[in-house]
Amino acid sequence: MKILVGYKRVVDYNVRIQVKPDGSGVETAGVKLSPNPFDEIALEEALRLRDKGIASEVVVATIAPADAQAHLRNGLAMGANRAIHVVTETAVQPLTAARIFLKLIEREQPDLVILGKQAIDDDANQTGQMLATLWGRPQATFASKLTIEAGKATVVREVDAGLETLEVELPAVVTTDLRLNEPRFIKLPDIMKAKTKPLDTIPLAELGVEANDSLKTLHYAPPAKRSRGVMVKDAAELVAALKQKGLL
Amino acid sequence: MAKVLIVAEHLDGTLNPATAKCVSAAQALAPERIDIVVLAADPAGVAAQAAQIAGVARVLTVANPANAHPIAQVLAPQVAALAAGYTHVFGPSTTFGKDLMPAVAARLGVNQVSDLMAVEDAYTFKRPIYAGNAIITVQAPADQTVVATVRTASWPEAARGGNAAVEAAQVDVPLPSHTRFVGLAAGKSDRPDLQSAKRVVSGGRGVGSAENFQIIYRLADKLGAAVGASRAAVDAGYVPNELQVGQTGKIIAPELYIAIGISGAIQHLTGIKDAGTIVAINKDGDAPIFEVADIGLVGDLFQIIPELEKALG
Ligand SMILES: Cc1cc2nc3c(=O)[nH]c(=O)nc-3n(C[C@H](O)[C@H](O)[C@H](O)COP(=O)(O)OP(=O)(O)OC[C@H]3O[C@@H](n4cnc5c(N)ncnc54)[C@H](O)[C@@H]3O)c2cc1C
Ligand SMILES: Nc1ncnc2c1ncn2[C@@H]1O[C@H](COP(=O)(O)O)[C@@H](O)[C@H]1O
């Protein structure tokens, strides 16, 4: 079984995002970039399926500017067999990303596609669902447990009401939630090994994808600030303060 | 003029309050009409509840045994077929809406506006990115259907007192059979629902264990509050996942939020930005939660909570 994994490069989750004073964007110069946390989980899950002998090949794919090679080498060092770099200098929106992944599916014929439930930069939470739709295959989003057996995936999903279990026929798209697994750390020898693993570079224009990046961002603003309030010294003062606010 | 179709969320015959919040967001478009669609095996009961939301013109029902459980790839073709004739299709930004609406958008060939938090005009909206650390104003093309998920913490529930017409809708589209619903393990609780509660008491890693969490439940019951938790508390197995508040859990806007033994990581704060009053109880006076708390109390939660219970009488 072959697994295709989405592996997006994003601003590291520990970075405190600053909006540029003129509202034209967020400050990204010199900011630390890392794999999207949900995509590291996606890759880890694929690798575990390979460790168990259920999968034979794991391919990571990213849609990113030309300087993202080192990012893909990370994915290879973590254990992916191959990497695909779809090169575009401008960020694509989820519908375009889904159309690109569909092209990669046509080339690679994977039995399972694992994406993150959301990219922590755009927080769109769309690409996996769109891909399943365009592909005409099942989707199981927000996965916290994945079992593959006899051409089917059983997926436990984190939903607002609790844990939902779906059974989907393969091939299918699964998107990851945080509790699916804990990604392994990359070891030094693996970084060396990754240097010789295959990395395909495909200019976006070569894929023949009709782009649809229809949402225009007009303005960026910092969120409304909450400010520090008052400190109370004990439970009795706390109750008094709440009563004063009319909350008790 | 805008014509809005809202996809109702429901479970076990009860309409989710998120649906009435979508109606508020739709009303901000000053639309010509707002309709709701209820897809279910037997939609009558939920449709009757939806018909009471003020400002709704029609409630469309799609009865089909295949709609017994909300399977996105089953519902999406039906919603997409009904979208003809509407300028906007809205669903709540809950796990239900997040799962379904992008599939609807892909069928209609558009990008989705995720987590719509404010309306500037019928095609211009505000939404958060980077875990709410930036708010962007986005414009959707006026010649395409706008598909959006509505950030429920940003909108009040639309009032009751409406009396919309209920009509059965005909949708004739092929539905896939590649997905089977196996089950839903829902935490049964008599406490208020976390997403719509006016008061929420949340515990974090500082609470220390599942047994210790009983004191959080007790305090919540005393206040008539829902119980929430940080991701660390869920990961450690103190409480089930549906109690998680934050970027990857529930985004909530109660009048009163009490964070106990929670440090205040940005991913947690994302979930409570719209709370009316935030109270923080933490033994570390430098915990980041105090930077956003309206009322802070430094101390050991195991000492403070019993005192608090006593002071509440
Ligand atoms: C992509 C991503 C998404 C995430 N999404 C979420 C999310 O949705 N929600 C979320 O909550 N987190 C989320 N996180 C995790 C987040 O970064 C933090 O790790 C988490 O919120 C920490 O939880 P905590 O405050 O309970 O634990 P800690 O940070 O360990 O804090 C525990 C606190 O308890 C206090 N304490 C300990 N003992 C006592 C005592 N006896 N009395 C009083 N105080 C005490 C300590 O002083 C400390 O401040 C996410 C992380 C990532 C990377
Ligand atoms: N540019 C990209 N490169 C690689 N994967 C992507 C890209 N955009 C989206 N994805 C995948 O789609 C998931 C959801 O992204 P989004 O819909 O943007 O929140 C991510 O976690 C990735 O797995």
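Look for ligand 2 and you'll see that one of its oxygen atoms sits 2.9 Å from a polar backbone atom of Q126(A). Bear in mind as you look around that this is a predicted model. The side chain of D122(A) joins in too, with a polar atom 2.9 Å from an oxygen atom of ligand 2. Then there's N36(A), where an N or O atom of the side chain is 3.0 Å from an oxygen atom of the ligand. How much of ligand 2 does the protein cover? Taken on its own, ligand 2 has 480 Å² of accessible area, and the protein covers 98% of that.

Now for the company it keeps. There are 18 residues around ligand 2, and D39(A), A119(A), D122(A), N125(A) and T127(A) come nearest. So D122(A) turns up twice here: it's among the nearest residues, and its side chain also offers that polar atom 2.9 Å from a ligand oxygen. Sort the shell by character and you get 7 nonpolar residues, 8 polar ones and 3 charged ones. Two strands of chain A, β4 (57-64) and β6 (112-116), give at least two residues each to this shell. The largest share, 3 residues, comes from β4(A).

Staying in chain A, move along to helix α2, which runs over residues 69-78. Which of its residues are buried? They are H71(A), L72(A), G75(A), L76(A), A77(A) and M78(A). It helps to know that an α-helix has 3.6 residues a turn, so residues three or four places apart point the same way.

Let's pause at G75(A), which has its place in this helix. With a relative accessible area of 0%, G75(A) counts as buried because the cut-off is under 20%. Leaving aside residues up to four places away in sequence, G75(A) touches Y7(A), L43(A) and A80(A). Its C-alpha atom is also 6.8 Å from that of V60(A), although the two residues are 15 apart along the chain. Just after the helix comes G79(A), with a positive phi of about 145 degrees.

There are some backbone details to spot in the loops. In chain A, the peptide bond from L170(A) to P171(A) is cis, with omega near 0 degrees. You'll find P171(A) in the loop between β9 (162-169) and β10 (172-176). Over in chain B, D12(B) isn't a glycine, yet its phi is positive, near 50 degrees. That residue is in the loop between β2 (10-11) and β3 (14-15) of chain B. Is D12(B) buried or exposed? It's exposed, with a relative accessible area of 75%. A30(B) is another non-glycine with a positive phi, this time about 50 degrees, and it belongs to the loop between α1 (18-27) and β4 (33-40) of chain B.

Finally, the aromatic rings. Across all chains, the whole structure holds 2 aromatic pairs. One of them joins F213(B) and Y238(B): their ring centres are 6.4 Å apart and their planes meet at 50 degrees, so the pair is tilted. This pair links distant parts of the chain, with F213(B) in helix α5 (residues 213-223) and Y238(B), 25 residues away, in the loop between α6 (231-235) and β16 (256-260). Both partners are tucked in: F213(B) counts as buried at 0% relative accessibility, and Y238(B) counts as buried at 14%. Add Y217(B), and ring pairs tie these residues, F213(B), Y217(B) and Y238(B), into a cluster.

Terms used: Residues numbered from 1 in each chain as written. Chains lettered and ligands numbered in written order. Predicted model: local features only at pLDDT ≥ 70, side-chain atom pairs only at ≥ 80, totals over all residues. Heavy atoms only, no water. Buried < 20%, exposed > 50% of the residue type's maximum accessible area, 1.4 Å probe, protein only. Helix = DSSP H or I, 4+ residues; strand = E, 2+ residues; numbered from the N terminus. Contact = heavy atoms within 4.5 Å. Near = heavy atom within 4 Å. Polar contact = N/O pair within 3.5 Å; in protein donor to acceptor, adjacent residues only side chain to side chain. Areas by Shrake-Rupley, 256 points an atom, 1.4 Å probe, with all protein chains shown as cover. Nonpolar A, V, L, I, M, F, W, Y, C, P; charged D, E, K, R; others polar. Phe/Tyr/Trp six-rings, centres within 6.5 Å; stacked < 30°, edge-to-face > 60°.
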